[in-house]
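Hi,

Here is the structure I promised to pass on to you. Have a look at it first, and then read on for what I found in it.

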Amino acid sequence: RMPAIQVNLMQDRTNEQKKVLAPRIRQSVVEVLGAKPETVGVLLHEMAPYVVSVGGVPMAERDPASKA
């Protein structure tokens, strides 16, 4: 019963941000679901800015303030 958490992120996140994010997600799963830390998988999927649109506008063309 390995929990596998998938997160979709735009490609503009730094390696340091992703390095911090994954263990925090794992810890939340451990606390909320009672899973053993060594069984929790975290998959970070990076998406190119032209494969995601919000409101019909590709992320690459959106105002930087709306991308967070």
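Let me start with one side-chain pair: Q6 and H45 are joined through their side chains by a polar contact of 3.1 Å. By polar contact I mean a pair of N or O atoms within 3.5 Å; within protein, one must be able to donate a hydrogen and the other to accept it, and residues adjacent in sequence count only if both atoms are side-chain atoms.

Before you go further, please note that this is a predicted model, where local features need pLDDT of at least 70 and side-chain atom pairs count only at pLDDT 80 or more, while totals for chains, interfaces and linings use all residues. Residues are numbered from 1 along each chain as its sequence is written, and side-chain values use heavy atoms, with hydrogens and water left out.

Back to Q6. You will find Q6 in strand β1. Its partner H45 is 39 residues away in sequence, yet the two C-alpha atoms are 7.2 Å apart in space. Setting aside neighbours within four places in sequence, Q6 has contacts with L43 and H45; contact here means heavy atoms within 4.5 Å. Is Q6 buried or exposed? Q6 counts as exposed because its relative accessibility is 55%. The cut-offs are under 20% relative accessible area for buried and over 50% for exposed, with partly exposed in between (1.4 Å probe, protein chains only).

Now the overall picture. The chain has 1 helix and 4 strands, and along the sequence they come in the pattern β-α-β-β-β. These are DSSP runs, numbered from the N terminus: helices are H or I with at least four residues, strands are E with at least two. The C-alpha atoms fill a box of roughly 40 × 25 × 15 Å along the principal axes. The radius of gyration of the chain is 15 Å, whereas a compact globule of 68 residues would have one near 11 Å. That radius is taken over C-alpha atoms, and the globule rule is 2.2 Å times the number of residues to the power 0.38.

Of the 68 residues, 21% are buried. Among contacts with a separation of 6 or more, 58% are between residues 24 or more positions apart.

K18 is one to click on. K18 sits in helix α1, which covers residues 15-33, and it counts as buried because its relative accessibility is 13%. Which side chains does K18 reach with polar contacts? One is N15, at 3.2 Å, and another is E46, at 2.8 Å. E46 also appears among the residues that K18 touches beyond four places in sequence, together with L9, R13 and L44. K18 and L44 are 26 residues apart in sequence, with 7.8 Å between their C-alpha atoms.

Next, P3, which lies in the segment before β1 (4-10). P3 is buried too, since its relative accessibility is 16%. Where are its contacts in the sequence? Leaving out neighbours within four places, P3 is in contact with V29, A35, T39, V40 and G41. Its C-alpha atom is 9.5 Å from that of V30, a residue 27 places along the chain.

Last comes M47, in strand β2 (residues 41-47). With 22% relative accessibility, M47 counts as partly exposed. Beyond four places in sequence, M47 is in contact with N8, L9, M10, Q11 and V52. For N8, the C-alpha separation from M47 is 6.9 Å, with their positions 39 residues apart along the chain.

If you want somewhere to begin, try Q6 with H45, and then K18 with E46.

Cheers
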